[in-house]
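Here are a few exercises to work through with the model open on your screen. Try each one before you read its solution.

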Amino acid sequence: MSYDRTNHQPNFKPVDHLFDDRLRQFTNTGGEFVDLNLPKFYTLESREIPNLQSYRVPDVDGKTARPLFKDIDFDNVNWEHIGIGYQFGPSWKSFWVKFEVEIPEDWLKHEIIELEWDSSSEAMILNEKGFPLQAFTGGERNLFRFPDEYRTSQKQTFFIEVACNGMFGNGAGGHPDPNRHFRLNRAHIQIPNMEARRLFWDFWILGDAAREFPGGNWQKYQAADICTKIMDVFDPEDVSSIAKGRKLAETLLGSKVNSESVYDQYANTELKRIDVFGIGNCHIDTAWEWPFAETKRKIVRSWTTQLKLADEYPEYVFVASQMQQFKWLKTYHPETFQKVKEKYATNQFLPIGGSWVENDTNLPNGESLIRQFLLGQRFQHNEFGFYSNIFWLPDTFGYSSQVPQICQLVGISRFLTQKLSWNNINSFPMSTFNWKGIDGTQVLTHMPPANTYTAGANFGDVVRSQHQHKNLRDVPVGLLLFGHGDGGGGPTEEMLEKLRRCRGLANTSGLIPTVHLGKTVDDFYEHVLAKSNNGADLPTWSSEMYLEYHRGTYTTQAKVKKFIRTGEIKLHDLELLAGLVSVASSKYKYPSKEIKDLWEDLCLCQFHDVIPGSCIGMVYYDEVYPMLTALLEKADKLIDEAITFLTDSSYEKNVGDLAFFNTLPWKRSGELIHISNENKELYELLQNTEFSVKHSSDKLLISVSSDEDGLTKLNPVDSLAYPASLLKTRSGKYILSNGLLKATISANGVITSLYDVKNDREVIDSTATKQTAGEGGEVGGNQFIVFDDEPLNYSAWDTELYSLNKFKFLKGGEITILSNTPLESSILVKHDISAHSSIETIISIQGLDSADDVSNNYIKFSSHVKWHEKYKFLKVQFPTTINSALNANYETQFGITQRPTHWNTSWDVARFEVAHHKFMDLSEYNYGVSILNNCKYGGAIHGNLIRLSLLRSAKSPDDLADMSDDHVFEYAIYPHKGALGADTVKLGWNFNYRIEKALIDPKKQLARLLGAVKLEGGDSLILSHIKRGENDEDVNDMEHIKSEGKSLVLRVYESLGGATSGVLKFDTSVLKIAKVFKTNALEDETDPAVNDKGELPIKLRAFEIATFKVVLN
């Protein structure tokens, strides 16, 4: 055909924006033109399901019950006939719907038959035997495709479990809506027109290409032109026109998008380049806007659906983390758990992550972080035969500087997260990099460039997975994590179809990144290593990865944080005592199951929305607080049982035979213990002796010292070389002193002077500034400040920089003298915060044995707060005379994180509120000040001003968060000679791990046990934990992990940042040692080494965490 010389009718050039705007009409299910476009043909035939019957599960003890199918006697429940329009409710209740389906015989010839269910809520369909088949979400997923075994015209019975909540609970604007109802909108079986649905997916991706490809590229305009031609060729009166549209779509999508074979083609067949690895996931928050009890159902709903998708899409790879969730699935739905294992065997359903839950990393202590992996890795290995090599933590609120080392110690060398994309001040500069911890250990880290772990698998998600990659010059490849998440759900059929079409578009056009399915997360990391000289060529980020967001989570829900700290202490003490007793005596049965259960509960509550305080109130008041209360009671009971085992009741009780349980392996002097008259025997034994003073009407005060062997003694009250004293001056001030430290306290309760007598040093800076005095106020330490706390978003999570400018000091304090004894002198300071809130603080100093005994030479503050505020933030501050330190020290897990005290850069400004553990410290070369605490985590040090965060009053998602008359906490200011040293580190331990338990022990059995393991030399070395070996015969409960013998496991770390040597010494009369191994944190053995004297020299690098296994005969 030749070129026409005559133009009879001219063509117009399409106006791009008009034609592009028109495209949405073609697939829109609303509006005026539905019957004239593709939606007309979406469904070939549909029938409403008749005879629906509903059973509302009755509450148990006033609480929602969520019984399993097997626990319901369906023949003896009250069924109600329901239909479209029925309202399920109210919030959180459970319903079961029963119905029969008869598929018409002539439907069976069609490719697909579906059940459509929309109860506006989460739900799950089960077969007549109660086997879970698939979830419904009341939104994104309402269609159930009948598998082949259910494609029959015979009558079949199905059940649907209806949960009266959406994917994100029932709202979180202070408290969930208690009266939410959910309408049944659809309950139908239908025949879809699959070619119409496929054209819809074709058109979706081509339309996105037309809109989102950058101008100046032919692919953009060709996509728009093909879409226009598809619309033009479509005939609403001719269903066969769909095939014409699909043929047009092949021009840019290719002909392979109907199957997994699309991934076998490449734009460049030689290079076979992959730009984006697509991985399905559903990230189920273990609790957040719903309780643990609902999560247990979310797991089976979400994962059952993914198993079904894996059957239908051979290329699909799905990953799931959190071994707690796997354990719940195994416990409540073992048949589904078995299906997971089957899909694991085909590489389609992969457990990942290695941890018990996706935990917070800022707040749990170091041992808790190790236990997250010890529990998780062992469960995963037992059930699936392998340890994870990747820490999967897409969503958490910051990343401790010790995470890389802990990962490597549990066999993990790879890390994934994406939360740093939420930074609200600085943009994190890398996507694929080496993250180096404070000890030098590194992990290969990737942050998906699409900046989400819940991508919709849209065209834009694929594009962003390359275009937002921060270091494309290194290894230009990214992971795309797709699937509905947070509330679960996971990928949908639609997402997998869209990705097939994105790949088809890449194969033909080359402009969109090449996305690939069928590869695993391991394949992705192996690709990165292969292209980066095994990671050596990648850039490095050192120390913590601080999230510039959600800084309020260090303080919100103070009660859960105190519970967790106390639980960590109790489990430390329990494992120490029970472990030593069990290896020393064959008569004592080690409570291994009980201890493991307690650790599982504690680690569960360290999930990244629970311990930070960002869950709805129901999670705390109905689940977490009862769980942690029971944990503390059980741990105490088990400790008492072990102590009772050591107690010799044949001896007459006398003061000289009293032994106290010092759970720390170093000398402790003058530890004060309050003995309540509720402890009748001990109270009567000690009252009216030289060792006690009356502290109040119902309490005695005693002083106990302990040597390195755990041998304790009572200190006579009058033997103190530096007794405590209290003086009230004529000017109305109060002076607390012990001859070494002298605190002057104003009538308002502010420490206007803290003088270190021994070192001739004033500690408190009295310079009046806006931050320390406001408008004409007094300057000093222990100033309480109330900040306005109105963040831009997420009140439980966030506190913002501008809040630092708006605050008030508490004034009008009232002081009462409480005690003035050689052991301790104290005053009580009362402040009104508002008409609804108040704080009472006991300020005390204790007497000391000698001038060289600095361990308890501090001013202690014991506070009791009534707190009923709204969007306020209570802090306490100490202006110090430390002015030249450019960095401050904050205790983190097994070490120290240093942070700047200045605001030089925007990165420094972003860290206006930070996390720490038992202490933070500001030191110059020859002097410093430490602030200790027993349950607080937020704080900041800028210039010479130290602030400890105490309480917040956020109103969402829990409007009762922190509202209480009974907040009780302690903190202290500890001035010290020299820079930060081992005295502060050990004092932080002492301040938290109190000497409390006592027994009559004339044979010194307790001291003999506690002295059986000692660490000598190297002041900065801390023997932090002694426990039983996980694989011991009387400990191990894993079916597929071999048990052997008896052992003790010791955790030692270097606490200050310098390579150090020491010696582990063992009392071989107590411990019959066969050999000692250095192990990883999973307790895998390496070369044995111990000499005949029961000594093991050890060397640790700076901030190293070391584990030693003592194998016993």
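**Exercise 1.** Which residues do ring pairs link into a cluster with Trp-303?

*Solution.* Start with the ground rules. This is a predicted model, where local features need pLDDT of at least 70, side-chain atom pairs count only at pLDDT 80 or more, and totals for chains, interfaces and linings use all residues. Residues are numbered from 1 along each chain as its sequence is written, and side-chain values use heavy atoms, with hydrogens and water left out.

Next, the pairing rule: rings of Phe, Tyr and Trp (its six-membered ring) pair if their centres lie within 6.5 Å; planes under 30 degrees apart are stacked, over 60 edge-to-face, and the rest tilted. Now follow the links from Trp-303: the cluster also takes in Tyr-316, Phe-318, Phe-326, Phe-337, Tyr-344, Phe-349, Phe-384, Phe-386 and Phe-482.

**Exercise 2.** Find how the rings of Tyr-399 and Trp-435 pair, and what the pair ties together.

*Solution.* The structure holds 65 aromatic pairs. In this one, the ring centres of Tyr-399 and Trp-435 are 6.4 Å apart and the planes sit at 85 degrees, so it's edge-to-face. Then look at where the partners sit: Tyr-399 is in the loop between β16 (390-392) and α9 (403-409), while Trp-435 is in strand β18 (residues 432-436), so the pair ties together parts 36 residues apart in sequence. (Helices, H or I of at least four residues, and strands, E of at least two, are DSSP runs numbered from the N terminus.)

Last, check burial, where buried means under 20% relative accessible area, exposed over 50%, and partly exposed in between, using a 1.4 Å probe and protein chains only. Tyr-399 comes out buried at 1%, and Trp-435 is buried at 0%.

For another pair, try Phe-807 and Phe-809: their ring centres are 5.6 Å apart with planes at 80 degrees, so this pair is edge-to-face. Both of these Phe residues are buried.

**Exercise 3.** Work out what lines the largest cavity, and what Lys-918 does there.

*Solution.* First, the terms. On a 1 Å grid over the protein atoms alone, a cavity is a set of points where a 1.4 Å probe fits but cannot get out; a pocket is an open set with protein on both sides within 12 Å along at least five of seven lines; lining residues have an atom within 4 Å of a point. Points are joined across faces, edges and corners, and a volume is the space filled by probe spheres set on them.

The largest cavity has about 220 Å³ of space. Of its 20 lining residues, Asn-365, Gly-366, Lys-918, Trp-989 and Tyr-993 lie nearest the centre. α8 (366-384), α13 (558-584), β40 (887-892) and β50 (1021-1028) each give two or more residues to that lining, with the largest share, four residues, coming from α13.

Now zoom in on Lys-918: it lies over the face of Trp-989, 4.4 Å from the ring centre. (The rule: NZ of Lys or CZ of Arg within 6 Å of the ring centre and within 35 degrees of the ring normal.) Lys-419 likewise lies over the face of Trp-422, at 3.4 Å.

**Exercise 4.** Which residues are closest to the centre of the second largest pocket?

*Solution.* This pocket holds about 830 Å³ of space. Of its 32 lining residues, Glu-140, Leu-143, Arg-197, Glu-493 and Glu-494 are closest to the centre. Elements supplying at least two lining residues each include α2 (194-212), α5 (292-312) and α11 (493-509).
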